[in-house]
Amino acid sequence: MSLAHAGYDRRPLGDFLQSRRGRLNPAECGFPAGRRRTPGLRREEVAQLAGVSVTWYTWLEQGREIQVSTQTLEGIARALRLDRAEREHLFLLAQGRPPAMAEWRPREITAALQRMLDGLTYSPAYIRTKRWDIVGWNRAVAMTFADYGAMEPHERNSIRLVFAHPAWRTLMVDWEADAKKALAVFRADFARAGNDPRFLELVDELDRLSPEFHQWWPRHDVRNHGEGVKAVRHPKVGLMSLEYTAFIVESDPDLRMVVYTPAPGSDTAGKIARLVDGG
């Protein structure tokens with residue numbers, strides 16, 4: 001059943017489309033400016049850029065009950081020169097769900113985010129994507145868990161490290177419990193991704209590499225991101241107890257920052273300081 005037939009109100013979609021085309025400069029989009037009754041592009045110009053009929057696009061702005069494919073929405077997003085947040089908003093208004101993740105490419109976090117990570121001198125922290133690819137980290141996490149900079153880009157993935165990195169099993173005091181929790185959170189993110197091809201590729205790889213992943217994935221256990229405690233047995237400083245908290249990066253909702261802090265009553269703070277300061 002389409003969203004329109006399910007009682008979905010398309011008027012906000014029409015208002016959004018009108019506002020976005022109204023801000024565009026015709027000359028910058030390849031059309032003569034001339035005299036126009038209203039600012040921005042005309043409907044027929046947006047339709048031409050998006051590769052759809054004028055009638056269909058007009059119906060879309062008018063809130064008619066028509067089907068809207070992902071491919072068509074991508075064309076409209078390009079025609080209207082939408083940024084990441086606007087593109088997601090378009091999909092939410094038109095289909096009631098965010099767009100699938102874009103094709104994978106190496107990502108870089110902003111300099112401000114990296115400075116924030118570096119400022120957490122004795123708190124291991126990293127930033128990952130929705131697919132759990134690690135795209136930013138600080139020295140504390142590299143010394144406490146793993147040197148992500150020494151890994152190949154495809155290896156810098158939190159769920160892959162849990163199930164396909166042998167050293168992770170010896171690092172985690174209760175690997176099985178931690179792995180099951182991580183898998184349940186990843187399963188929830190997998191569902192939100194809408195069968196994104198790169199998620200499916202990662203799942204297929206882990207299904208081949210890890211007997212435990214192969215056994216647990218069909219259980220469909222899910223849980224939300226949040227807080228928890230992790231016990232780590234570090235080869236240099238021994239047992240450490242760490243609390244962790246996950247935060248969405250507001251400037252880029254595709255990113256999540258995970259920060260570890262010494263658990264109260266433990267001697268972990270001193271051990272992290274020794275690792276960070278002494279290497």
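Helices and strands are DSSP runs numbered from the N terminus, a strand having at least two residues. By that numbering, Trp132 lies in the loop between β1 and β2. The model examined here is predicted.

The sheet gives the frame for what follows. Five strands form an open sheet in the order β2-β1-β5-β4-β3, and the pairing is antiparallel. The edges are held by β2 (134-137) and β3 (227-234). Each of these has a single partner strand, so one side of each is left without a neighbour in the sheet. From one strand to the next the twist averages 30°. Helix α6 (residues 111-119) packs on the sheet, where the helix touches β1 (125-128), β2 and β5. The direction of α6 makes about 55° with that of β2.

The strand pairs can be taken in turn, starting from β2. Three bridges join β1 and β2 in the antiparallel sense. Within this pair, Ile127 stands opposite Gly136 in β2. On its other flank in the sheet order, β1 runs antiparallel to β5, and four bridges join the two. Here Arg128 stands opposite Arg256 in β5. Strand β5 (residues 256-262) also pairs with strand β4 (residues 238-248), again in the antiparallel sense, over seven bridges. Thr245 faces Val259 of β5 as its opposite residue. Eight bridges link β3 to β4, also antiparallel. The bridge partner of Val232 in β4 is Met240. Strands β3 and β4 form a hairpin with three residues between them.

Strand β1 is covered on both faces. Ala125 and Ile127 are buried on one side, and Tyr126 and Arg128 are buried on the other.

The hairpin of β1 and β2 has five residues between the strands. Most residues other than glycine have a negative phi. Trp132, in this hairpin, takes a positive phi near 75°. This residue is not a glycine. Its relative accessible area is 3%, so Trp132 is buried, the cut-off being under 20%. His220 also has a positive phi, of about 60°, and is not a glycine either. His220 is found in the loop between α12 (211-216) and β3. Its relative accessibility is 51%, and His220 therefore counts as exposed, for which the value must be over 50%.

Nonpolar side chains tend to be buried together in soluble globular proteins. In this model, the largest nonpolar core has 42 residues. Those with the most contacts inside the core are Phe145, Tyr148, Ile159, Phe163, Trp168 and Phe186. Helix α10 (residues 175-192) gives the most to this core, with seven residues. A second, separate core has 26 residues, among them Val46, Trp56, Ile66 and Leu90.

The surroundings of Phe145 can be listed in detail. Leaving aside residues up to four places away in sequence, Phe145 touches Pro124, Trp168, Leu171, Met172, Lys230, Val232, Leu242 and Tyr260. One of these, Val232, is the residue bridged to Met240 of β4. Two others, Lys230 and Tyr260, recur in the lining of a pocket.

That pocket is the second largest, with a volume of about 450 Å³. Its lining comprises 27 residues. Arg128, Ala182, Lys230, Tyr244 and Tyr260 lie nearest its centre. Arg128 is also one of the buried residues of β1. Six elements, β1, α8 (158-164), α10, β3, β4 and β5, each supply at least two residues of the lining. Helix α10 gives the most, with five residues. The helix that gives the most to the largest core is likewise α10.

A separate view concerns positions far along the chain from one another. Gly30 is found in the loop between α1 (11-22) and α2 (43-50). Gly30 is exposed, with a relative accessible area of 63%. Its C-alpha atom is separated by 44 Å from that of Glu155, and the two residues are 125 apart along the chain.

Methods. Residues are numbered from 1 along each chain as its sequence is written. This is a predicted model: local features need pLDDT of at least 70, side-chain atom pairs count only at pLDDT 80 or more; totals for chains, interfaces and linings use all residues. Side-chain values use heavy atoms; hydrogens and water are left out. A nonpolar core is a set of buried Ala, Val, Leu, Ile, Met, Phe, Trp, Tyr and Cys residues joined through side-chain atoms within 4.5 Å. Buried means under 20% relative accessible area, exposed over 50%, partly exposed in between (1.4 Å probe, protein chains only). Contact means heavy atoms within 4.5 Å. Two strands pair if DSSP finds at least two bridges between them. Axes are lines fitted to C-alpha atoms, for helices over the stretch in contact, and angles run from 0 to 180 degrees between N-to-C directions. On a 1 Å grid over the protein atoms alone, a cavity is a set of points where a 1.4 Å probe fits but cannot get out, and a pocket is an open set with protein on both sides within 12 Å along at least five of seven lines; lining residues have an atom within 4 Å of a point. Grid points are joined across faces, edges and corners, and a volume is the space filled by probe spheres set on the points.
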